[in-house]
Amino acid sequence: MQTGLLNTYQKSVSNRSYIAWVMSGALLTFYVLIYFTDFFTPIAAQLHLGGKWGMYGTLYTIFIVGFGIVFLRRHGQTPYQRLRTLSIMFFQVVFAFALPHVMEMFDTPGYNFAYFWPLNYSAFYPSTIASQPLPFILYSMIGAFILVPVLTFFYGKRWYCSWVCGCGGLAETAGDSFRHLSSKTTKAWRFERYSIHIVLLFAVVTTVIVVTSFIFESRTGDEFSVVYPIFSKIAGPVKGFYGFLVGAILSGVLGVGLYPLMGSRVWCRFFCPLAAFMGLIQKFGRFRITVKDEMCISCGNCSTYCEMGIDVRQYAQNNQDFKRAACVGCGICAHVCPRGVLKLENKWDFASWGDAAGVEHVDV
Ligand code: SF4
Ligand code: SF4
């Protein structure tokens, strides 16, 4: 299972060498330019890519497909790694890239069916709702409040973070060479617990303020006229600040710019509000990683290559199955284990239910 894996990470670009620093600098510069300037607009126009965001979407898709092929060559020995990588490539090419383009050709605003609130933070802003057909608005609501929680409860957040999401898709493919750079320190874990939930709260509060402001606006003249000016004043700046800080700086500039120095899941681990929401559900759901008793030889491969900084070895040494809110179910810990100690499973916690039947295994 480990063929070609361990030496992958011995290349200098994967070990915070000067090449990694240069690459990180280049990525940070690229993201600052694309988010905050029109530097790429003429280049995109010359290439007929429909503006700088059209160019960005094209590049993003090329990277996921290209590095997805590299990933398959490195890790495609198991059905789990093969299937989830093909799934990531499919959702990026079809859902995130091709479908929105086809819709725009028919004068319908492009819509990414694989992108849910609060990751898609503007999904419920009145301006977005006004620009979308009713079925898409209903899909956004059903997706965010039914599909995401139910699938996460049954299958863990891996169904999204490692199989569907474009951010996770880039991390798993283009970011694969950097996955071992995630910090395993307790300090990082403490920071992650606060930062990711603060962003989730910020996303909820921003949406509530923007929606409430709109509702009050349409009801001026009655008892709401007293509070309306307050909401009306703060809605714009709060929305703008969220877009700047979370939508641009945390998810793009730092989220991808720091790949070569801090690993590929900086955004997913520390800041993604949808990951935070699914992590809360995952703790009560069926997904867990199980450990075969007395098999671990403490080599540490699992902890080293966990992109979410989870100390998997500690659980393995203690013969302890585990659920962690942060785990994105990439399966690499099981993939690199020389003793086949770890397994990703969806099963009820019958230890507490007093029944051991009905276990469903997912081999990795
Ligand atoms: S614990 Fe294993 S499956 Fe979960 S994120 Fe880490 S490497 Fe991936
Ligand atoms: S679980 Fe496997 S990979 Fe992790 S320390 Fe034990 S033997 Fe090594």
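**View 1. Arg-16 sits in the segment before α1.** Helices are DSSP runs of H or I with at least four residues and strands are E runs of at least two, numbered from the N terminus. You're looking at a predicted model: local features need pLDDT of at least 70, side-chain atom pairs count only at pLDDT 80 or more, and totals for chains, interfaces and linings use all residues. Residues are numbered from 1 along each chain as its sequence is written, chains are lettered from A and ligands numbered from 1 in the order in which they are written, and side-chain values use heavy atoms, with hydrogens and water left out. The backbone oddity here is a positive phi, near 50 degrees, in a residue that isn't glycine. Arg-16 counts as partly exposed because its relative accessibility is 41% (buried is under 20% relative accessible area, exposed over 50%, partly exposed in between, with a 1.4 Å probe and protein chains only).

**View 2. Two more backbone spots deserve a torsion check: Glu-294 and the Trp-117/Pro-118 bond.** As background, most residues other than glycine have a negative phi, and most peptide bonds are trans. Glu-294 goes positive, with phi about 55 degrees, in the loop between β1 and α14. With a relative accessible area of 65%, Glu-294 is exposed. Trp-117 and Pro-118 are joined by a cis peptide bond, omega about 5 degrees. Pro-118 belongs to the loop between α4 (79-105) and α5 (126-131).

**View 3. Asp-38 and Lys-52 pair up through their side chains.** The N to O distance in this salt bridge is 3.9 Å (the cut-off being a side-chain nitrogen of Lys or Arg within 4 Å of a carboxyl oxygen of Asp or Glu). The partners are 14 residues apart: Asp-38 is in the loop between α1 (18-36) and α2 (41-46), and Lys-52 is in helix α3 (residues 51-75). Their surroundings contrast: Asp-38 is exposed at 55% relative accessibility, while Lys-52 is buried at 13%. Across the whole structure, a search turns up 9 salt bridges.

**View 4. Glu-172 makes salt bridges with both Arg-179 and Arg-265.** N to O comes out at 2.9 Å for Arg-179 and 2.6 Å for Arg-265. Arg-265 comes from the loop between α11 (259-262) and α12 (266-270) and Glu-172 from helix α8 (residues 166-173), so this pair ties together parts 93 residues apart in sequence. None of this trio is out in the open: Arg-179 is buried at 0% relative accessibility, Glu-172 is buried at 1%, and Arg-265 is buried with a relative accessible area of 2%. Shared partners join Arg-74, Arg-84, Glu-172, Asp-176, Arg-179, Arg-265 and Glu-307 into one salt-bridge network.

**View 5. Ser-264 occupies the loop between α11 and α12.** Ser-264 is buried, with a relative accessible area of 2%. Skipping neighbours within four places in sequence, its contacts (heavy atoms within 4.5 Å) are Ala-171, Gly-175, Phe-178, Arg-179, Tyr-259 and Glu-307. The Ser-264 side chain also reaches the backbone oxygen of Gly-175 at 3.5 Å.

**View 6. Helix α13 (residues 273-282) is mostly covered.** Of its 10 residues, 8 are buried: Pro-273, Leu-274, Ala-275, Ala-276, Met-278, Gly-279, Ile-281 and Gln-282. What do the buried residues of α13 pack against? The partners are α6 (134-155), α7 (158-161), α9 (186-217), α10 (228-257), α12 and β1 (287-291).

**View 7. Ligand 1 has a shell without charged residues.** Around it are Ile-289, Cys-306, Met-308, Ile-310, Val-312, Cys-327, Val-328, Gly-329, Cys-330, Gly-331 and Cys-333 (a residue is near a molecule or strand if one of its heavy atoms lies within 4 Å of it). The shell splits into 9 nonpolar and 2 polar residues. Here Ala, Val, Leu, Ile, Met, Phe, Trp, Tyr, Cys and Pro count as nonpolar, Asp, Glu, Lys and Arg as charged, and the others, Gly among them, as polar.

**View 8. Ligand 2 has 1 charged residue in its shell.** The residues around ligand 2 are Cys-296, Ile-297, Ser-298, Cys-299, Gly-300, Asn-301, Cys-302, Arg-313, Ala-316, Cys-337, Pro-338 and Val-341. Two elements, α14 (301-304) and α15 (312-317), each give two or more residues to this shell. Besides the charged residue, the shell has 8 nonpolar and 3 polar ones.

Conventions:
A polar contact is a pair of N or O atoms within 3.5 Å; within protein, one must be able to donate a hydrogen and the other to accept it, and residues adjacent in sequence count only if both atoms are side-chain atoms.
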